[in-house]
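The following exercises are to be worked with the sequence and the three-dimensional structure at hand. Each task is followed by a solution in steps.

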Amino acid sequence: MKWPPTISDQARDECYEYFDRNIRELKKNPNGKVDPAADGLQNNDVDAFRHAYVSGVMVQEFSESTAEILGRLVVLATRTTICDISYLRDYYENYLVYNMI
């Protein structure tokens, strides 16, 4: 079985490349790749697109239920503070993806 964080990182990079090529230009590293840590990739259209893309890849690699559990764990693990409610938007974006498949 493939390692979920590796699949997620690869899907994230593919997503950013697609977005950069086909939708609008994103900030790049000195090596020319989209910088996943750059400003402007969270809490907007890029973030929603990434959630949908990565969630879809995870469903293809594992199963819908496994992808949903992994998505919830990632959202919980990446909360910055106890008061950070942006995770609710992330849950909602993930919910939409799982219910469209």
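**Exercise 1. The surroundings of F19**

Does F19 count as buried or exposed, and at what relative accessibility?

Solution. The model is a predicted one, in which local features need pLDDT of at least 70 and side-chain atom pairs count only at pLDDT 80 or more, while totals for chains, interfaces and linings use all residues. Residues are numbered from 1 along each chain as its sequence is written, and side-chain values use heavy atoms, with hydrogens and water left out.

Step 1. Apply the cut-offs: buried means under 20% relative accessible area, exposed over 50%, and partly exposed in between, with a 1.4 Å probe and protein chains only. F19 has a relative accessibility of 2% and therefore counts as buried.

Step 2. Locate the residue. F19 belongs to helix α1; helices (H or I, at least four residues) and strands (E, at least two) are DSSP runs, numbered from the N terminus.

Step 3. List its partners, where contact means heavy atoms within 4.5 Å. With residues up to four places away in sequence not counted, F19 touches R24, L26, D45, V46 and F49. For one of these, D45, the separation from F19 is 26 residues in sequence and 9.9 Å in space, C-alpha to C-alpha.

**Exercise 2. The overall fold**

Determine the secondary structure of the protein chain and the share of buried residues.

Solution. Step 1. The protein chain has four helices and zero strands, and from the N terminus on its elements run α-α-α-α.

Step 2. Of the 101 residues in the protein chain, 31% are buried.

Step 3. Among contacts with a separation of 6 or more, 56% join residues 24 or more positions apart.

**Exercise 3. Two helix crossings**

Describe how α1 meets α2, and how α2 meets α3.

Solution. Step 1. Axes are lines fitted to C-alpha atoms, for helices over the stretch in contact, and angles run from 0 to 180 degrees between N-to-C directions. The axes of α1 (residues 4-22) and α2 (residues 45-61) come within 9 Å and cross at roughly 135 degrees.

Step 2. Classify the angle: under 35 degrees is roughly parallel, over 145 roughly antiparallel, 65 to 115 roughly perpendicular, and the rest oblique. The helices α1 and α2 are therefore oblique to each other.

Step 3. Assign the hand. A crossing is left-handed if the near helix is turned anticlockwise from the far one by less than a right angle, and right-handed if clockwise. α1 passes α2 in a right-handed crossing.

Step 4. Inspect the contact. Residues of α1, including I7, A11, C15 and F19, meet residues of α2, including V46, F49, Y53 and V57. This contact of α1 with α2 has 13 nonpolar, one polar and five charged residues. For these classes, Ala, Val, Leu, Ile, Met, Phe, Trp, Tyr, Cys and Pro count as nonpolar, Asp, Glu, Lys and Arg as charged, and the others, Gly among them, as polar.

Step 5. Repeat for the second pair. The axes of α2 and α3 come within 7 Å, crossing at roughly 135 degrees, and α2 and α3 are therefore oblique to each other. Their crossing is right-handed. S55, M58 and V59 of α2 make the contact with E64, A67 and L70 of α3; by class, these residues are four nonpolar, one polar and one charged.

**Exercise 4. Salt bridges**

How many salt bridges does a search of the whole structure find?

Solution. Step 1. A salt bridge is a side-chain nitrogen of Lys or Arg within 4 Å of a carboxyl oxygen of Asp or Glu. The search finds eight.

Step 2. R12 and D13 are joined by one of them, at 3.0 Å from N to O, and D9, R12 and D13 are linked in a network. R12 is partly exposed at 23%, as is D13 at 28%.

Step 3. E68 and R72 are bridged at 3.1 Å between the closest N and O atoms. Both residues lie in α3 (residues 64-77), four residues apart, about one turn of the helix.

Step 4. K28 pairs with E25 at 3.9 Å. K28 is partly exposed at 34%, whereas E25 is exposed at 63%.

**Exercise 5. A backbone exception**

What is the phi of N43, and where does N43 lie?

Solution. Step 1. Most residues other than glycine have a negative phi.

Step 2. N43 is not a glycine, yet its phi is positive, at about 55 degrees.

Step 3. N43 lies in the loop between α1 and α2 and is partly exposed, with a relative accessible area of 44%.
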